[in-house]
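User: Please take a close look at a single helix and its surroundings. Keep it brisk and give the cut-offs.

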Amino acid sequence: MSGLRYVYAVCRPFGTPLPAQLTGVAGVPPKQLVHRDLVALVGQVPEEDFSEEPLRAHLEDLDWLGATARAHQNVIDALTVVTSPLPLRLATVFRDDSGVRTMLEERERTFLRTLDRLDGRVEWGVKVYSEPTDAAEGPETSGTSAAPSGSSPGKAASGRDYLRQRRNQRREHEEKWERAEQFARRLHESLSGAAEDTRIHAPQNAALSRAPGRNILNAAYLVSRTESEAFVELVDRTKDDAPGLRVELTGPWAAYSFSGEDT
Amino acid sequence: MTVVERREVALVDLLDRLLAGGVVITGDLTLRIADVDLVRIDLNALISSVNENVPAPWEEML
């Protein structure tokens, strides 16, 4: 019965049991490792996949990474239903239970403080995209699309005409950007007012997200569960007057983006 | 404009959180895995290798 210990999250003891059929990474059901006032949610994982070298190799395999991330999230999701956990970074692995206990003991005070801060709160993700409107932007214009129908430049009569057209196009493009960024800034300000804390993530890579358009804002908001409905409605109301933009809401998440000590 | 609420979690949203968020525990006890920068860099390499046939759009985006 050897194996490493994969730790998903740390939380306070919770009353409601997790679903009996819940499985996590490596298809193994997570178990609770209780140490004083803290619980670590732990799953046994095979050494041949999770010791340092094989894990490093696995992390370069997008399919493996994706499956592991989803299995991890599966457990965190179930846990978030019954408590407000402190999630750990993907693939945090210990040799054995006593390693996990020592870690809990060493960080007990920090964990308790952070858990207090996150208690009863969830994370919402909000992204703003500018919709692709012309062939000059976005990743999905890989040669198949013809010139845009509305603003087709037509044949330039002379070199001067051509340059003027190019200049106008560039100006339109810049103005569009400015509007999009202004919208994102205002939205972020308004959502920040409804949240207890915020984090700005790097814009997402369109090759990985496969989302159309360009990601302008990628932010996370820490919101209490009781305020969440109002927060979602606030996001929903932003569909007012921003043509050419798209807002995406994800969540509720466990407070992944707010688990650090630096707040 | 449209507000979209996705039912299924996109992998990229997951990775935003699982690779950039969450408590990082390092030390002798851990196997010292989730090295942020390492994973980040590898992830970019991954994406380019996955999309080798597609022109990389993020070059002009950054």
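Analyst: What follows looks at one helix, then at the domains and a hairpin.

This is a predicted model: local features need pLDDT of at least 70, side-chain atom pairs count only at pLDDT 80 or more, and totals for chains, interfaces and linings use all residues. Residues are numbered from 1 along each chain as its sequence is written, and chains are lettered from A in the order in which they are written.

Helix α5 of chain A covers residues 108–118. Helices (H or I, at least four residues) and strands (E, at least two) are DSSP runs, numbered from the N terminus. A:Phe111, A:Thr114, A:Leu115 and A:Leu118 are buried in α5(A) (20 or more other C-beta atoms within 10 Å of their own, with C-beta atoms placed from the backbone). Seen down the axis, these buried residues fall within an arc of 105°, so they line one face of the helix; the arc is taken over directions from the helix axis to the C-beta atoms. A:Arg109, A:Arg113 and A:Asp116 sit on the other side and are exposed (12 or fewer such atoms).

The buried residues pack against β1 (4–11), β3, β4 (86–87) and β6 (121–130) of chain A. Just after the helix, A:Gly120 takes a positive phi of about 75°.

One packing partner, β3 (residues 38–45), runs antiparallel to β2 (residues 31–35), joined by five bridges; strands pair if DSSP finds at least two bridges between them. A:Leu33 has A:Ala40 as its bridge partner in β3(A). Two residues separate β2(A) and β3(A) in this hairpin, and A:Arg36 in the turn has a positive phi of about 50°.

Key: Contact = placed C-beta atoms within 7 Å.
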